Amino acid sequence: MLHDAKEAEDAAQETFLQIYKSLPEYRSRGLKTWITRIAVNKAIDFKRRRERRKEEQWDPADLELQAPVREDDSLAELLDAERSRELRRKIAKLPSGHRQIVTEFYLEGKSHEQIAAELSVTVKTVESKLYRARAYIREHWPREEWG
């Protein structure tokens with residue numbers, strides 16, 4: 001299901017831990033089905049985590065680095081500065097919830113934990129907001145404008 005031996009081993013280990021933790025709730029009906037369901041759920045969790053990691057690896061701040069390489073350093077610096085200003089202008093136009101989280105994470109370099117503490121929310125909430133902000137950016141900012 002996972003197509004990755006290391007992830008499958010990790011999922012199996014988590015499955016056995018979950019089985020051990022859940023034994024008191026087991027109702028003596030279909031042991032094989034019960035264990036299989038736990039294993040499938042753990043594999044699904046691993047696939048979701050893998051997808052989230054892929055999403056988190058895409059960084060809008062990387063757009064600043066996509067200016068064409070030039071032999072003339074001053075021209076490259078000028079282009080980089082213009083791209084940075086344009087990126088900041090675009091971020092300023094994001095909806096307020098997205099703008100704040102993107103600014104704090106990408107421009108100010110704050111960690112999920114720091115942002116969560118400042119906003120008095122959980123780290124999971126910060127991760128979720130970042131995920132939604134990235135989705136909004138992918139949907140509303142055509143990639144061609146940055147190429």
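Here are legends for a set of close-up views of a predicted model.

**View 1. The whole chain, a run of six helices.**
Start with the overall layout: the chain has 6 helices and 0 strands. Reading from the N terminus, the elements go α-α-α-α-α-α. How much of the chain is buried? Buried residues account for 25% of its 147 residues. As for contacts between residues at least 6 apart in sequence, 59% of them link residues at least 24 apart.

**View 2. Helix 5 and its two sides.**
This one zooms in on helix 5, which spans residues 112-119. Which residues of helix 5 are buried? They are H112, I115 and A116. These three sit on the same side of helix 5, because they cover an arc of only 100° around the axis. Some background helps here: an α-helix has 3.6 residues a turn, so residues three or four places apart point the same way. Flip to the other side of helix 5 and you find E113 and A117, both exposed. The cover over the buried residues includes helix 4 (96-107) and helix 6 (123-140).

**View 3. Helix 4 against helix 5.**
Two packed helices are described by the angle between their axes and the distance between the axes. For helix 4 and helix 5, the angle is about 135° and the axes are 10 Å apart. That angle makes helix 4 oblique to helix 5. The crossing of this pair, helix 4 and helix 5, is right-handed. Who meets whom? Helix 4 brings Q100, I101, E104 and F105, while helix 5 brings H112, I115, E118 and L119.

**View 4. E104, a buried glutamate in helix 4.**
Stay with helix 4 and look at E104, which lies in it. Is E104 buried or exposed? With a relative accessible area of 9%, E104 is buried, since anything under 20% counts as such. Leaving aside residues up to four places away in sequence, E104 touches G109, K110, I115 and E118. Take I115 from that list: E104 and I115 are 11 residues apart in sequence, and their C-alpha atoms are 7.2 Å apart in space. Both residues also turn up in the meeting of helix 4 with helix 5.

**View 5. Helix 4 against helix 6.**
Now swap the partner. The axes of helix 4 and helix 6 come within 9 Å and cross at roughly 105°. That crossing makes helix 4 roughly perpendicular to helix 6. On the helix 4 side, the residues involved are H98, I101, V102, F105 and Y106. Their counterparts in helix 6 are V126, K129, L130, R132, A133, R134, Y136 and I137.

**View 6. R134 and its polar contact with Y106.**
Zoom in further on R134, which lies in helix 6. How accessible is R134? Its relative accessible area is 3%, and R134 is buried. The side chains of R134 and Y106 are joined by a polar contact of 3.0 Å. Both residues belong to the set where helix 4 and helix 6 meet.

**View 7. Helix 5 against helix 6.**
This view shows the remaining pair from the cover story above. The axes of helix 5 and helix 6 come within 8 Å, crossing at roughly 105°. That leaves helix 5 roughly perpendicular to helix 6. In helix 5, the residues taking part are H112, E113, I115 and A116. Across from them, helix 6 supplies V123, V126, E127 and L130. Remember that H112, I115 and A116 are buried, whereas E113 is exposed.

**View 8. Two serines with positive phi.**
Most residues other than glycine have a negative phi, and most peptide bonds are trans. Where does S28 sit? It is in the loop between helix 1 (5-22) and helix 2 (31-57). The phi of S28 is positive, near 60°. With 62% relative accessibility, S28 counts as exposed. The other serine, S120, follows helix 5 and belongs to the loop between helix 5 and helix 6. Its phi is near 55°, again a positive value in a residue other than glycine. At 67% relative accessibility, S120 counts as exposed, because the cut-off is over 50%.

Key:
Residues numbered from 1 in each chain as written. Predicted model: local features only at pLDDT ≥ 70, side-chain atom pairs only at ≥ 80, totals over all residues. Heavy atoms only, no water. Buried < 20%, exposed > 50% of the residue type's maximum accessible area, 1.4 Å probe, protein only. Helix = DSSP H or I, 4+ residues; strand = E, 2+ residues; numbered from the N terminus. Arc of directions from axis to C-beta. Contact = heavy atoms within 4.5 Å. Polar contact = N/O pair within 3.5 Å; in protein donor to acceptor, adjacent residues only side chain to side chain. Axes fitted to C-alpha atoms, helices over the stretch in contact; angles between N-to-C directions. Parallel < 35°, antiparallel > 145°, perpendicular 65-115°, else oblique. Left-handed = near helix turned anticlockwise from the far one by under 90°.
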